[in-house]
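Student: Please take me through one part of this structure closely. I would like the lining of the second largest pocket.

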Amino acid sequence: LSRWPWHDLGNYKYALVAPWAARSTYRFLTATSGSGERDLLSFAVLPVLLLRLLRSQLWISVSRHQTARSKHRIVSKSLDFEQVDRERSWDDQILPTALLFYVVNAAVPAAQGLPWWDSKGLVVAALLHAGPVEFLYYWLHRALHHHYLYARYHSHHHASIVTEPITSVIHPFAEEVVYFALFAIPLLTVMGTGTGSVALVPKMLFDVLPPLKYLMYTPSFHSLHHTQFRTNYSLFMPLYDYLYGTLDKSSDDLYERTLHGREEAPDVVHLTHLTTPDSVLHLRLGFASLAACSFATSRLRLRAAAPLAKLTSLLGSTFRAEANRLHKLNIETWVVPRYTSQYLSKDGLYAIGRLIEKAVTDAEASGARVLTLGLLNQANELNRTGELYVIRKPNLKIKIVDGTSLGRTKDVLFLGDASNKVVTVLALALCEREIQVQMVDKDMYHCLTQELRPELHKHLLISSDYSCKVWLVGDKLTDQEQRKAQAGVYLVPYSQFPPNAIREDCVYHSTPALVVPDSFENLHACENWLPRRVMSARRAAGIVHALEKWDAHECGARVTGVDKAWRAALAHGFRPYDRHGAAVAK
């Protein structure tokens, strides 16, 4: 009885509501004066269901925005992927509410033809909630903390130490059934006494009263129950915790401290941007279940996200999307509200450049020591991988890092963009190891001969042959070039965007990325197309830069050094990542 009956249906569970919704809507629209009054209650179930879903999603987004800000955080513990997975079915408790209202409305004559409002019913419901419901819930909750019931049911709810607004409704099915029976007491009573109405909201009574601490609880009140375990059992009214001596003594103090808040200055800021229009839904501020998975665009989500994407692109500054912690280092991710298509359009480059420059200024003002430029925020035509800001502001205290030194690989054929700084860095590292670097692009060859020392030129080779077993590819890799590859070729991107995979007989590796240390906290969203607990090399480079307290920029012609950066990254617990690790090791 811990699993919900529709668990295996996934999102198709809403099909259970469809017949009832169609029936009630049809009857409401076709009702005539001769057949009696329209049934408001039955008709209102579907809109209320949709409003509850929207309200819950908005609360999740607001809560995660506040978590990213860090100012009003109640518990300084980590929110992880396990909690996201456990709470992804938060709508399970909303669905049976709709089904029960439909069934009761159809089966009980007293629940049909209810007026829109009845003041007597409101008073009766409020008194019943404050008395029997709260009292019974208090003792039921204490019983659920008995080891027998706790181990079988309630422990699922308490697995979440960091309580979000939606955590309060995450319960096994059997436990939720008991709650439904409790909460039905006021509703069934007002129907039985003939004082029922459609708009019956007991909370309204408490809203108009002064915020007495005996009648209304706070988020910190529930949070203490999850951290202290044997205190604060009440549902909404702490009155019974006061009466029975189970109130946590720090409840008021924690509430005041949390309400006042405390700003946490970031040490590292990673500046990224949106990719496709539906990527806005993939942010941790959007849908938690989507953000917890590797991003993959779809036509349905593209259409659904189109209006939101247009609104987002009107924003005039970056916004904070994520806050993490590694040891004593505070790490934040800021998002430029522009899409890849806008970066590739020459018309919008100037405006985007101003947004990035403002973000650099804001990051320095916030106290950050390092700023990393993710994806196209470091495009050569935009700011020369960040060097433009260093030139414009010679006294810039924040260090700009493009992460070039952590984009390491051992490949022998270069294809892609000759002007990319990574090409020079990787060619230098490979030539120093006496690995022959082949290329078919003459511009790339001439560029490398100008950048590398003369004694390394012997390891550079112009070739028209695509027979190499391992390719190192950039953003400008074409489908035509891929078709020239032999079966079994390994394609390893040095760019931040993965290549368009058109060959099923070739091996496509991940973009440069690292597995984060186990001590990396509050990571519960995937970075673009990367899997869980994996981050781009450029993002990791800024963190390593701050941990090592290197006092230099790494952008433009400035390079930390491949070996130095990799040794530091490994020392701090980062590990190389690739989907085909065995092949790379070979």
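Tutor: Start with the make-up of that lining. It holds 22 nonpolar residues, 10 polar ones and 5 charged ones. (Ala, Val, Leu, Ile, Met, Phe, Trp, Tyr, Cys and Pro count as nonpolar; Asp, Glu, Lys and Arg as charged; the others, Gly among them, as polar.) The model is predicted: local features need pLDDT of at least 70, side-chain atom pairs need 80 or more, and totals for chains, interfaces and linings use all residues. Numbering runs from 1 along each chain, and side-chain values use heavy atoms, without hydrogens or water.

Now the pocket itself. The volume of the second largest pocket is about 1,300 Å³. Its lining has 37 residues, and Gln57, Gly286, Phe287, Ala288 and Leu290 are the closest to the centre. (A pocket is an open set of points on a 1 Å grid where a 1.4 Å probe fits, with protein on both sides within 12 Å along at least five of seven lines; lining residues have an atom within 4 Å of a point. Volume is the space filled by probe spheres set on the points.)

Which helices supply the lining? H2, helix H12 (288-291) and helix H13 (299-312) each give at least two residues. H2 makes the largest share, with 8 residues. (Helices are DSSP runs of H or I, at least four residues; strands are runs of E, at least two.)

Follow H2 back to its start. H2 spans 40-69, and helix H1 spans 18-30. Arginine 38 sits in the loop between these two helices. Is arginine 38 buried or partly exposed? Arginine 38 is partly exposed, because its relative accessible area is 41%. (Under 20% is buried, over 50% is exposed, and partly exposed lies in between, with a 1.4 Å probe and protein chains only.) Leaving out residues up to four places away in sequence, arginine 38 touches Phe28, Leu29 and Ala31. (A contact means heavy atoms within 4.5 Å.) Now compare arginine 38 with isoleucine 398. They are 360 residues apart in sequence, and their C-alpha atoms are 66 Å apart in space.

Next, another loop. Arginine 384 lies between helix H16 (380-383) and helix H17 (387-392). Its phi is about 55°, a positive value, although arginine 384 is not a glycine. Threonine 385 is in the loop between H16 and H17 too. Phi of threonine 385 is near 55° and also positive. Most residues other than glycine have a negative phi. What about cover? Arginine 384 is partly exposed, because its relative accessible area is 40%. Threonine 385 has 8% relative accessibility, so it counts as buried.

Two annotations come from an unreviewed UniProt entry. One, "transmembrane region", covers residues 122-140 and 177-201. Residues 122-140 are 100% helix and 0% strand, with end C-alpha atoms 25 Å apart. The other, "domain: Very-long-chain aldehyde decarbonylase CER1-like C-terminal", covers residues 414-576. That span is 30% helix and 17% strand, and its end C-alpha atoms lie 21 Å apart. (Such annotations may be inferred rather than shown by experiment; names are shortened, and positions use the numbering here.)

Last, step back to the whole protein. The protein has 23 helices and 15 strands. Its C-alpha trace spans about 95 × 55 × 45 Å along the principal axes. Of its 586 residues, 50% count as buried. Among contacts with a separation of 6 or more, 69% join residues 24 or more positions apart.
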